[in-house]
Amino acid sequence: MLENVKIVLVNTSHTGNIGSAARAMKTMGLSNLVLVDPVQPPDSHSSALAAGATDILGNAKIVSTLAEAIADCELSIAASARSRTLSWPMVDPRECGAKVVSEGKKHKVALVFGRENSGLTNEELQQCQFHVHIPANPDYSSLNLAMAVQTLSYEVRMQFLEQQDKKDEVIETDYPTGEQLEGFYTHLEESLMHTGFMIKQHPGQVIPKLRRLFNRARPDSHELNILRGILTSITKTNK
């Protein structure tokens, strides 16, 4: 199950943080590291701070965009250090660990972490079904990247160990991957432009709010196919 869990680091500035994150992962039994557009690839400084987790660095996958990193994931949870103008389905670290372990029995899942100084952009956050916030001391909430990775990886491991003693229950629902969801959102936006509901020059917040709605509803693969069929019928009718 733990092999289905990706730790995704977006645009990491310091190579040492990549190594420290790899060390945090290995202590909790996670091994799947994906780097999205790092400022520099892992180097000797990364290896030094990995402290024995150089195998994770050596197998790390480097991609250009977050969409590419989570394209095959049925569940993505983004770490967010602050509230956003557009609220999103939220989980705490313990709930995050439970969701990752529950769905990771059958699906690929991703825990997504942003830049050291600014976190994830709104666009990147909106590509994930849930956000997770670590409730650190509000008077001093300075968690570095590796600490955040360690905290959430620990919650995943604790849930994993707890469920080892329970009857193995596999999630039967098939959820769409990140790539399939992005295809749906593109189809949705094109359909709304076609019907005149949205104006290309002034799209407003329609799509981000619809993303939030569908993330909250969490349609499964069959339901998503129905939605896309509806969109196709609408565009055919309006030709």
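Q: How many salt bridges does the structure hold?
A: This is a predicted model, so take what follows as computed from it. One of its salt bridges joins the side chains of K26 and D55, and another pairs R94 with E155. The count for the structure is seven.

Q: Which helices does the K26–D55 salt bridge link?
A: The N to O distance in this pair is 3.0 Å. The two residues sit 29 residues apart, so we're looking at distant parts of the chain. K26 belongs to helix α1 (residues 15-27), and D55 to helix α3 (residues 54-58).

Q: Is K26 buried, exposed or partly exposed, and what about D55?
A: Buried needs under 20% relative accessible area, and exposed needs over 50%. K26 comes in at 39% and D55 at 38%. Those values fall in between, so K26 is partly exposed, and D55 is also partly exposed.

Q: Is R94 buried or exposed, and how about its salt-bridge partner E155?
A: The closest N and O atoms of R94 and E155 are 3.0 Å apart. R94 lies in helix α5 (residues 93-104) and E155 in helix α7, so the salt bridge ties together parts 61 residues apart in sequence. With the cut-offs at under 20% for buried and over 50% for exposed, R94 at 52% is exposed, while E155 at 8% is buried.

Q: How many residues apart in sequence are the parts tied together by R218 and E103?
A: R218 and E103 form a salt bridge, with 2.9 Å between the closest N and O atoms. R218 is buried at 13% relative accessibility, and E103 is buried at 7%. R218 lies in the loop between α9 (206-217) and α10 (221-237) and E103 in helix α5, so the parts they tie together are 115 residues apart.

Q: Over the face of which residue does R218 lie?
A: R218 has the salt bridge with E103, but it also sits over a ring. The distance to that ring centre is 4.0 Å. The ring belongs to Y175.

Q: Which residues do ring pairs link into a cluster?
A: There are two aromatic pairs. F184 and Y185 have ring centres 5.4 Å apart and planes at 55 degrees, so that pair is tilted. F184 also pairs with F214, with centres 5.1 Å apart and planes at 90 degrees, which makes this one edge-to-face. The cluster is therefore F184, Y185 and F214.

Q: Where in the chain do F184 and F214 lie?
A: Both rings are buried, F184 at 2% relative accessible area and F214 at 16%. The pair links distant parts of the chain, 30 residues apart. F184 is in helix α8 (residues 178-195) and F214 in helix α9.

Q: Which strands stand at the edges of the sheet?
A: The open sheet has seven strands with parallel pairing, in the order β3-β2-β1-β6-β4-β7-β5. Each edge strand has a single partner, so one of its sides is left without a neighbour in the sheet. The edge strands are β3 (61-63) and β5 (90-91).

Q: What is the bridge partner of V34 in β3?
A: Strand β2 (residues 32-36) pairs with β3 in the parallel sense, over three bridges. V34's partner in β3 is K61.

Q: With which residues is S153 in contact, leaving aside neighbours within four places in sequence?
A: S153 is found in helix α7, which lies across β1, β4, β6 and β7 and runs at about 155 degrees to β6. S153 is buried, at 0% relative accessibility. Its contacts are I7, A24, M25, M28 and L30.

Conventions. Residues are numbered from 1 along each chain as its sequence is written. This is a predicted model: local features need pLDDT of at least 70, side-chain atom pairs count only at pLDDT 80 or more; totals for chains, interfaces and linings use all residues. Side-chain values use heavy atoms; hydrogens and water are left out. Two strands pair if DSSP finds at least two bridges between them. Helices (H or I, at least four residues) and strands (E, at least two) are DSSP runs, numbered from the N terminus. Contact means heavy atoms within 4.5 Å. Axes are lines fitted to C-alpha atoms, for helices over the stretch in contact, and angles run from 0 to 180 degrees between N-to-C directions. Buried means under 20% relative accessible area, exposed over 50%, partly exposed in between (1.4 Å probe, protein chains only). A salt bridge is a side-chain nitrogen of Lys or Arg within 4 Å of a carboxyl oxygen of Asp or Glu. Rings of Phe, Tyr and Trp (its six-membered ring) pair if their centres lie within 6.5 Å; planes under 30 degrees apart count as stacked, over 60 as edge-to-face and the rest as tilted. A charge sits over a ring if NZ of Lys or CZ of Arg is within 6 Å of the ring centre and within 35 degrees of the ring normal.
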